[in-house]
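Trainee: Can we go through this one together? I'd like to start with the overall picture and then look at a few residues.

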Amino acid sequence: MNRQRLAVPLVLLTLGAVPAAQSRPVICSTTLEAPPSAEEPGMPVEVTRCAAVETTTALVERRFYTWTAPFSAGVDLLHQVTDVLGIAVGGVQGNRLMGFGFPDQTIIWDGTALQNTYAVLLEEQSDPVPWRTVDIYNGFDGSLAGETRSSVLVEAMADTTFPPVRALW
């Protein structure tokens with residue numbers, strides 16, 4: 001009896017009916033939320049959500065091959081036929097049917113997807129509010145003959161009280 005229970009999942013796994021498990025980094029966050037019903041007030045409920053993390057390298061590679069397959073995966077009989085018929089087969093493995101599009105169009109679409117991904121990654125890197133700091137004394141706003149350099153530097157450093165600067169946006 002136990003051998004039959006074990007044999008069925010093993011056969012399905014070898015035939016490819018059950019997808020293989022993949023491991024990726026996962027980030028989980030826990031929050032406190034309102035109780036499920038408004039009629040019964042109670043303690044907050046702790047909710048944990050987990051999501052897979054995609055590295056920047058994997059994201060860029062996936063976006064670059066959205067519409068067109070890589071060269072090594074795209075040189076086969078299937079891709080030669082679909083290219084002539086104007087059917088886009090993309091993905092990193094070159095096995096995802098994307099829709100209608102000849103190779104020159106799909107290359108443009110991949111470039112646009114990569115450009116949009118680059119813009120989003122660049123936006124995530126930069127701080128939306130720029131840092132505002134005091135200018136550094138440069139020494140070229142006065143005569144070096146009339147006064148000593150150290151006195152000008154001391155005067156510039158003495159005035160350290162600046163009103164807060166409000167952002168323009």
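**Overview and details**

Mentor: Of the protein's 169 residues, 11% count as buried, meaning under 20% relative accessible area with a 1.4 Å probe and protein chains only; over 50% is exposed, and partly exposed is in between. This is a predicted model, where local features need pLDDT of at least 70, side-chain atom pairs count only at pLDDT 80 or more, and totals for chains, interfaces and linings use all residues. Residues are numbered from 1 along each chain as its sequence is written, and side-chain values use heavy atoms, with hydrogens and water left out.

Trainee: What does the protein average in pLDDT?

Mentor: The average is 75, and 66% of the residues score at least 70. pLDDT is the predictor's confidence in each residue, from 0 to 100.

Trainee: Which elements have the lowest and the highest mean pLDDT?

Mentor: Helix H1 (residues 2–15) has the lowest mean, 50, and H5 has the highest, 90.

Trainee: How many helices and strands are there?

Mentor: Six helices and four strands. Helices (H or I, at least four residues) and strands (E, at least two) are DSSP runs, numbered from the N terminus. The order from the N terminus is α-β-β-α-α-α-β-β-α-α.

Trainee: And what share of the contacts is long-range, 24 or more positions apart?

Mentor: Among contacts in the protein with a separation of 6 or more, 37% are between residues 24 or more positions apart. Contact means heavy atoms within 4.5 Å.

Trainee: Helix packing next. At what angle do H2 and H5 cross?

Mentor: Roughly 155°, with the axes of H2 (residues 56–64) and H5 (residues 103–125) coming within 8 Å. That makes H2 roughly antiparallel to H5. Axes are lines fitted to C-alpha atoms, for helices over the stretch in contact, and angles run from 0 to 180 degrees between N-to-C directions. Under 35 degrees counts as roughly parallel, over 145 as roughly antiparallel, 65 to 115 as roughly perpendicular and the rest as oblique.

Trainee: Which residues make the contact?

Mentor: From H2, Thr-56, Leu-59, Val-60, Arg-63 and Phe-64; from H5, Asp-110, Ala-113, Leu-114, Thr-117 and Leu-121. By class, six are nonpolar, two polar and two charged. The nonpolar class is Ala, Val, Leu, Ile, Met, Phe, Trp, Tyr, Cys and Pro, the charged class is Asp, Glu, Lys and Arg, and the others, Gly among them, count as polar.

Trainee: Is Thr-117 buried or exposed?

Mentor: Thr-117 is buried, because its relative accessible area is 2%. Leaving out residues up to four places away in sequence, Thr-117 touches Leu-59, Val-60 and Arg-63.

Trainee: Changing topic: which cysteines does a disulfide join?

Mentor: Cys-28 and Cys-50, with S to S at 2.0 Å. The count is one disulfide, taken as a pair of cysteine sulfur atoms within 2.5 Å. The link of Cys-28 and Cys-50 is right-handed, with 110° about the S-S bond. Cys-28 is in strand E1 (residues 26–33) and Cys-50 in strand E2 (residues 45–52), 22 residues apart, so the pair links distant parts of the chain.

Trainee: How does Cys-28 count for accessibility?

Mentor: Cys-28 counts as partly exposed, because its relative accessibility is 46%.

Trainee: Now the loops. Where is Ala-69?

Mentor: Ala-69 is in the loop between H2 and helix H3 (71–74). Ala-69 is buried, at 11% relative accessible area. Beyond four places in sequence, Ala-69 touches Gly-74, His-79, Val-89, Gly-90, Gly-91 and Gly-94.

Trainee: And where does Gly-94 lie?

Mentor: Gly-94 lies in the loop between strand E3 (87–90) and strand E4 (96–100). Gly-94 is buried too, with a relative accessible area of 5%. Neighbours within four places aside, Gly-94 contacts Ala-69, Ala-73, His-79 and Val-89. Gly-94 and Pro-70 are 24 residues apart in sequence and 6.8 Å apart in space, C-alpha to C-alpha.

Trainee: Last one: where does Leu-78 lie?

Mentor: In helix H4 (residues 77–85). Leu-78 counts as partly exposed, at 48% relative accessibility.
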